[in-house]
Amino acid sequence: MNTIRTYQVCNVFENSQNNWVRTKFIRRRGAQRIHVEMKFSVRDCSSIPNVPGSCKETFNLYYYESDSDTANKVSPAWMENPWIKVDTIAADESFSQVDLGGGGVMKINTEMRSFGPVSRQGFYLAFQDYGGCMSLIAVRVFYRKCPRVVRNGAAFQETLSGGGEHLAGGRRGACACRTVRRWTFPSSSTATETGNGWSRLADACARLATRLWRTGPSVEVRAAVPPSHCVPFL
């Protein structure tokens, strides 16, 4: 039987609640934008008998940047500023005692938030309850990146997403071609030399001299990329 450990709080009959739970120090590893996935459950305030109006069905997510793991019981102070608020998190579905007593399944919510740009060596996350009846079940923290890729003779190195909300962005690649490689035309093709470089009789095959390539046993072509109508000569 698997054990699921959660952080729970349900002090809904006490006023002025301000309950916090903080993560360990998380190193950012070069990331500029951090994504947080939270799984949690929230009790429906209206299903709690005689509950005061201060009962909440939301909680707050914060982060705090630091260059080292220096947090303790009193620092950083348990308040907004120095903590930076990411968002107030609300449940799409809440549960009641009827759901539990009737053999139903506790409704688990999944919410995703992100923040950035971050620039220090690492950060902490904190979750603030201010009068709810809830369980924090799981938290996943991650960043996104584009893996190294080679396209059309250009190599693009592994790139982390930027600090803004939008992941799209430009990246300059580098030529991935070797200086000398053997290429050959298909057997039905011929090539002639022109003033601008080499071309196939029926269609352009290569142009402009910057790198050395081969189109046959004794014919060399200087072109920026392999001639588009040529095939590798292995």
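Modeller: A disulfide is a pair of cysteine sulfur atoms within 2.5 Å, and the model discussed here is a predicted one.

Biologist: How many disulfides does a search of the whole structure find?

Modeller: One disulfide joins cysteine 10 to cysteine 133, and another joins cysteine 45 to cysteine 55. When the bonded cysteines of the chain are numbered in sequence order, the pairing reads 1-4, 2-3. The number of disulfides found in the whole structure is two.

Biologist: Which handedness, left or right, does the link of cysteine 10 and cysteine 133 have?

Modeller: The sulfur atoms of cysteine 10 and cysteine 133 lie 2.1 Å apart, which is within the 2.5 Å that a disulfide requires. Cysteine 10 sits in strand β1 and cysteine 133 in strand β9, so that distant parts of the chain, 123 residues apart, are linked. The angle about the S-S bond is -100°, and the link is left-handed.

Biologist: Is cysteine 133 buried or exposed?

Modeller: Its partner, cysteine 10, counts as partly exposed because its relative accessibility is 40%, which lies between the limits of 20% and 50%. Cysteine 133 has a relative accessibility of 11%, and the limit for burial is under 20%, so cysteine 133 counts as buried.

Biologist: Where does cysteine 55 lie?

Modeller: Cysteine 55 is bonded to cysteine 45, with an S to S distance of 2.0 Å, and this link is left-handed too, with -80° about the S-S bond. Both cysteine 45 and cysteine 55 are buried. The two are 10 residues apart, and cysteine 55 lies in the loop between β4 and β5.

Biologist: Which residue meets arginine 140 in a salt bridge?

Modeller: The structure holds four salt bridges, and the one with arginine 140 links strand β9 to strand β4, across 103 residues. Arginine 140 is partly exposed at 41%, whereas its partner counts as buried at 16%. With an N to O distance of 3.4 Å, that partner is glutamate 37.

Biologist: How many residues apart in sequence are the parts that aspartate 67 and arginine 120 tie together?

Modeller: The side chains of aspartate 67 and arginine 120 meet in a salt bridge, 3.0 Å from N to O. Aspartate 67 lies in the loop between β5 and β6, and arginine 120 in the loop between β7 and β8, so the pair ties together parts whose separation in sequence is 53 residues.

Biologist: Which residues are linked in a network of salt bridges with Asp87?

Modeller: Glutamate 111 and arginine 113 meet in a salt bridge of 3.1 Å, N to O, and both are buried. The network links Asp87 with Glu111 and Arg113.

How values were computed. Residues numbered from 1 in each chain as written. Predicted model: local features only at pLDDT ≥ 70, side-chain atom pairs only at ≥ 80, totals over all residues. Heavy atoms only, no water. Helix = DSSP H or I, 4+ residues; strand = E, 2+ residues; numbered from the N terminus. Buried < 20%, exposed > 50% of the residue type's maximum accessible area, 1.4 Å probe, protein only.
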